[in-house]
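The exercises below work through one protein model, each with a task sentence and a solution in steps. Please keep the sequence and the coordinates at hand while reading.

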Amino acid sequence: MGMQRQDKGKADPAAFSIAEAGFGDRTDIDDDGRERRTGTLVTASAHIITAVIGSGVLSLAWAIAQLGWVIGPAVLVAFSVITWFCSSLLADCYRSPDPIHGKRNYTYGQAVRANLGVGKYRLCSLAQYINLVGVTIGYTITTAISMGAIGRSNCFHRKGHDAHCEASNTTNMIIFAAIQILLSQLPNFHKIWWLSIVAAVMSLAYSTIGLGLSIARIVGGVHAKTTLTGVTVGVDVSASEKIWRTFQSLGDIAFAYSYSNVLIEIQDTLRSSPAENTVMKKASLIGVSTTTTFYMLCGVLGYAAFGSSAPGNFLTGFGFYEPFWLVDVGNVCIVVHLVGAYQVFCQPIYQFVETWARSRWPDAAFIHAERAVPLPAILGGGEFPISPFRLVWRTAYVILTAVVAMLFPFFNDFLGLIGAVSFWPLTVYFPVEMYMAQAKVRRFSPTWTWMNVLSAACLVVSILAAAGSVQGLIKDVAGYKPFKI
């Protein structure tokens, strides 16, 4: 990486601290004393694409079916534009107070603290952890449904498409939880770096399989009923259900674009010349544009393939029966992806609670004790660190998320709720507020006014989406018997 840019006649304070620390002549150290970053526009764009494309793509055909040919694609584009714009604002907050020469913020939370203070930082942390917990519950639900879909797909293939083929979500959630309990005992996030790579490959794989199956269904001559305004009142749904589903679809689309949490971390991988914020804005444009194109294809072609009867999850709702093996492969990819993605999202929760507990009870042997257990040769030998506190706390967390998932195993409703709750605060509000604080935007100026209008409008959308999702959950829970094996 090149040296950090500086204005003529204006010294960079960070450069002095590095020189004083003895790093002035080092070519392998960045301005903060850390190992030199080597990320580029290409790597940042790739990170964004893999961070955005995930299980949210599975519900887009259903969401477009609720909204129709006109509003559906328009809403998808609107969310993408808002996400890109707010990501560009957030890119300027990686360094503060100056976006080019300021001190680096390594996480989203640090950026909020540096620009908005401790009070807003705590609110941001609350929103982030609520989102992380919600996502881990949502991933438990999605994985269990996909595990069941594999068995049902094989059953339909053997016995015919009209056969009564059922699968127990509860059993599958128990299996998934057992796997997560084992993976959760890994002490540090860097120990499972390979899971993120596998998860990214799997997400692209099952999204592509779903897209391919939709195209094959259309080419095969299936004529699904589609309309300009989506599902028809009085034919497909009642008037009130149409309104609630419309709201819920907004949450599903918002969930598909939730990646602001990791944008600062991605930017922290970039080399400092050219300026990180400049590169990140370009990467956000490339990443969001690519993702939106892919989402548009999945949503629009999925709607064209299924029409108003589009399933909530187009790989598990059995709009596709054949080739059954390809449907199975798609669902296996979902399971593998979410096994890894669950760990990506729960590790920050683990680290937060464990750091807090160690500082709160510095002399507690139960919290600080750690023993090295020798591993058998078949597992590569060596030693594995076991902590009683880590074992109990992380196991309890996985069990809790699994129990909540068993109580509310409803894919669309839960994803819509997560998207609604996280979209406004994390994607819109904090980036807008940080940008205005850093740029010292005057109150009631045109920029201040329209940015607050944008934030308020997105808040209304989030509230409506949350209301639609909650209504869906209440309706589904009414006739549901939990913990059915």
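A residue is called buried when its relative accessible area is under 20%, exposed when it is over 50%, and partly exposed in between, with a 1.4 Å probe and protein chains only. The model is predicted, so that local features need pLDDT of at least 70 and side-chain atom pairs count only at pLDDT 80 or more, while totals for chains, interfaces and linings use all residues. Residues are numbered from 1 along each chain as its sequence is written, and side-chain values use heavy atoms, with hydrogens and water left out.

**Exercise 1. Confidence**

State the mean pLDDT of the protein chain, and find what holds for residues 1–23.

Solution. The pLDDT is the predictor's confidence in each residue, on a scale from 0 to 100. Its mean over the protein chain is 86, and 91% of the residues reach 70 or more. Over residues 1–23, however, the pLDDT is below 50, although this stretch has 39 contacts in the model beyond near neighbours in sequence, a contact being heavy atoms within 4.5 Å.

**Exercise 2. Salt bridges of E276**

Determine which residues are linked with E276 in a network of salt bridges, and whether E276 is buried or exposed.

Solution. A salt bridge is a side-chain nitrogen of Lys or Arg within 4 Å of a carboxyl oxygen of Asp or Glu, and the structure holds 9 of them. Step one: E276 forms a salt bridge with R95, the closest N and O atoms being 2.9 Å apart. Because E276 lies in helix α10 and R95 in strand β1, this pair ties together parts that are 181 residues apart in sequence. Helices (H or I, at least four residues) and strands (E, at least two) are DSSP runs, numbered from the N terminus. Step two: E276 and R104 also meet through their side chains in a salt bridge, at 3.2 Å from N to O. Since R104 belongs to strand β2 (residues 103–104) and E276 to helix α10, parts 172 residues apart in sequence are tied together by the pair. Step three: R95, R104 and E276 are thus linked in a network of salt bridges. As for burial, E276 is buried at a relative accessible area of 1%, R95 counts as buried at 1%, and R104 is buried at 2%.

**Exercise 3. The pair D92 and K281**

Locate D92 and K281 in the chain, and classify each by its relative accessible area.

Solution. D92 forms a salt bridge with K281, with 3.0 Å between the closest N and O atoms. The pair links distant parts of the chain, 189 residues apart, since D92 sits in the loop between α3 (60–91) and β1 (95–96), whereas K281 sits in helix α10 (residues 276–306). With a relative accessible area of 9%, D92 is buried, while K281, at 30%, is partly exposed.

**Exercise 4. The span of helix α5**

Compare the reach of helix α5 with the expected span.

Solution. The expected span of a helix is 1.5 Å times one less than its number of residues. Helix α5 (residues 118–159) has 42 residues, and from its first C-alpha to its last it reaches 61 Å, which is close to the 62 Å expected at 1.5 Å a residue. Just after α5, G160 takes a positive phi of about 105°.

**Exercise 5. Surroundings of S455**

Establish where S455 lies and which residues it is in contact with.

Solution. S455 lies in helix α15 (residues 446–478), and it is buried, with a relative accessible area of 8%. Leaving aside neighbours within four places in sequence, S455 is in contact with W424, V428 and Y429.
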